[in-house]
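Open the structure in your viewer and have the selection tool ready. We will start at the ligand and then move on to the nonpolar core.

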Amino acid sequence: MKNILESLDLEAVNPGTWLGAESIEDSNASIIESINPATGEVIGSVRSTTAAEYEKVVTTARASFAQWRNIPAPLRGNAIRLIGNALRDHREALGSLVTMEMGKIKAEGIGEVQEMIDIADFAVGQSRMMYGNTMHSERPLHRMYEQWHPLGIVGTISAFNFPVAVYSWNAFIAAICGNVNIWKPSPKAPLCGVAVQKIVNKALADEGLPPVFFLINDGSNELAQQFVNDKRIDLISFTGSCAVGKKVAANVASRMGKFLLELGGNNAIIVDEHANFDLVIPAIVFGAVGTAGQRCTSTRRILVHCSRFDDLKSALVKAYGQIRIGDPLADDTLMGPVIDEAAMAGVESSLAAVRDAGGEVLCGGERIAGAGNFITPAIAVAENDWEIVQTETFGPVLYLIPFDTLDDAIAMQNGVVQGLSSAIFTDNLQNAEYFLSQSGSDCGIANVNIGTSGAEIGGAFGGEKETGGGREAGSDSWKAYMRRQTNTINWGKDLPLAQGINFDL
Ligand code: NAD
């Protein structure tokens with residue numbers, strides 16, 4: 001542990017307020033402790049940002065924006081290339097810190113840092129491709145086009161479960177667009193925030209570039225609310241639960257600010273009568289048990305054709321019996337701890353609600369004795385319209401629900417308030433295409449013969465309904481970080497007015 005912290009230049013108590021590569025620190029500010037969910041030990045701590053420090057961050061960020069926006073976009077992209085290289089140098093150590101602080105297994109921790117590197121590469125290319133359209137004007141000797149300008153300060157609020165990757169999806173794309181970024185990480189993963197801040201900003205400071213990336217920390221969410229309500233923050237990009245996201249959206253909208261929301265999911269896989277179990281079983285187990293069920297895209301519901309229900313049930317219970325649970329840093333572990341005591345209690349109360357509703361818990365939901373928040377992953381037979389099934393339990397709980405027709409399955413798949421990720425497993429072409437058609441899945445992500453969990457950065461990531469409607473990462477998501485301007489230039493000697501109006505003066 002000491003080696004990992006040292007190689008990331010982390011101390012026992014770390015400043016939590018950063019203006020690029022420079023930190024400020026009030027020694028009276030409260031401390032946020034980072035707890036290892038696998039051991040219960042304190043890894044280190046980070047100081048909260050005070051109100052005075054926050055003011056300094058915002059005014060410095062605003063001044064920095066005035067410089068950064070004038071650096072040509074391909075040169076801004078080059079700065080992100082340097083950051084991608086710095087992340088490559090720290091991939092192993094930062095991935096291990098993600099594992100220590102959040103509890104996901106090491107392959108997933110390193111995979112998260114790889115996502116940062118991938119989005120950095122994507123941002124470099126995108127920095128040369130922020131195209132606007134040209135249109136034909138109705139008027140002679142007029143030229144009409146649209147262009148994209150940066151917004152200003154992008155505020156990124158991130159969830160505990162992706163403590164580094166989600167930040168980079170926002171910050172790197174926002175930066176090539178010409179924005180500066182202020183990040184408030186989750187108080188459950190504050191050391192990841194400081195470690196990333198140091199890596200990213202050293203790469204820029206070494207090149208003499210202005211500070212572009214700022215960091216604030218808040219253990220109580222009071223400053224976070226002030227941040228959301230601050231008119232000087234041009235875009236709030238919020239990743240977290242639906243409950244908090246709804247409040248954030250209402251508050252930002254009331255000041256006519258922009259927001260981008262990446263909220264909870266309640267993701268289902270449809271297993272039809274033509275599904276290949278060789279693909280289905282690993283996809284479900286990875287989707288439901290990976291990251292201990294703490295991904296927004298985790299598989300939470302299996303809608304299975306009644307002819308295959310019994311076979312799937314016994315195959316899954318058998319597979320769950322083989323999952324190696326333990327130290328997430330160990331190479332052969334498949335499932336680590338959940339984040340805290342509340343997450344363990346959430347799994348237990350969900351299973352109690354299933355039993356109360358008349359469902360059957362087939363396996364799991366037992367705490368593993370000893371240090372750390374370890375609980376066995378659970379499978380339960382349930383019905384789709386039960387309140388507990390409609391709710392996102394952020395842990396390893398999977399519901400098995402039978403269906404008769406594909407239309408019934410799609411109605412159940414869509415019959416939840418969230419709309420993030422979905423999948424069908426089938427070898428039937430018509431069923432696959434129907435699921436992807438306008439009559440099929442209503443989610444932001446719909447897959448065939450691939451599970452719900454995870455996503456490649458090249459596509460636009462996000463979901464519909466109470467998942468918030470935002471899109472991040474690839475495709476044309478960059479547009480969320482820019483404002484569009486339509487320009488008309490008259491290069492003639494007359495002033496033809498629109499609608500044929502003649503203002504004879
Ligand atoms: P959370 O909503 O408790 O917290 C998310 C962030 O919001 C944290 O940084 C927290 O400190 C901050 N926050 C809390 N109250 C706030 C307030 N009133 N104003 C402003 N900020 C506030 O979520 P969590 O437990 O950290 O993460 C799990 C949730 O996030 C799940 O619902 C999961 O599905 C969702 N999530 C969604 C995505 C996605 O891309 N759709 C990705 C990761 C996580």
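A polar contact here is a pair of N or O atoms within 3.5 Å. Keep in mind that this is a predicted model.

**Stop 1: polar contacts of the ligand.** Select Gly240. One of its backbone N or O atoms lies 3.3 Å from an oxygen atom of the ligand. Next, pick Lys184. Here an N or O atom of the side chain is 3.1 Å from a ligand oxygen. Then go to Glu262. A polar backbone atom of Glu262 sits 3.5 Å from a nitrogen atom of the ligand. Now show the ligand's surface. Taken alone, the ligand exposes 850 Å², and the protein buries 90% of that.

**Stop 2: the shell.** Select the residues around the ligand. There are 27 of them, and Ser158, Asn221, Ser241, Leu263 and Glu392 come nearest. Color the shell by class: 14 residues are nonpolar, 10 polar and three charged. Which elements give two or more residues to this shell? They are α8 (222-229) and β11 (235-239). Helix α8 supplies the largest share, three residues. Now color by domain. Domain 1 (2-263 + 468-485) and domain 2 (267-456) each give the shell at least three residues.

**Stop 3: the core.** Leave the ligand and look for the largest nonpolar core, which has 91 residues. Select Leu94, Leu97, Phe172, Ile182 and Phe213, the residues with the most contacts inside this core. Then highlight helix α6 (residues 165-176), which gives the most to the core, with 10 residues. Bring back the domain colors. This core, too, draws at least three residues from each of domain 1 and domain 2.

Methods:
Residues numbered from 1 in each chain as written. Predicted model: local features only at pLDDT ≥ 70, side-chain atom pairs only at ≥ 80, totals over all residues. Heavy atoms only, no water. Near = heavy atom within 4 Å. Polar contact = N/O pair within 3.5 Å; in protein donor to acceptor, adjacent residues only side chain to side chain. Areas by Shrake-Rupley, 256 points an atom, 1.4 Å probe, with all protein chains shown as cover. Helix = DSSP H or I, 4+ residues; strand = E, 2+ residues; numbered from the N terminus. Nonpolar A, V, L, I, M, F, W, Y, C, P; charged D, E, K, R; others polar. Domains from an automatic or database assignment. Core = buried A, V, L, I, M, F, W, Y, C linked by side-chain atoms within 4.5 Å. Buried < 20%, exposed > 50% of the residue type's maximum accessible area, 1.4 Å probe, protein only.
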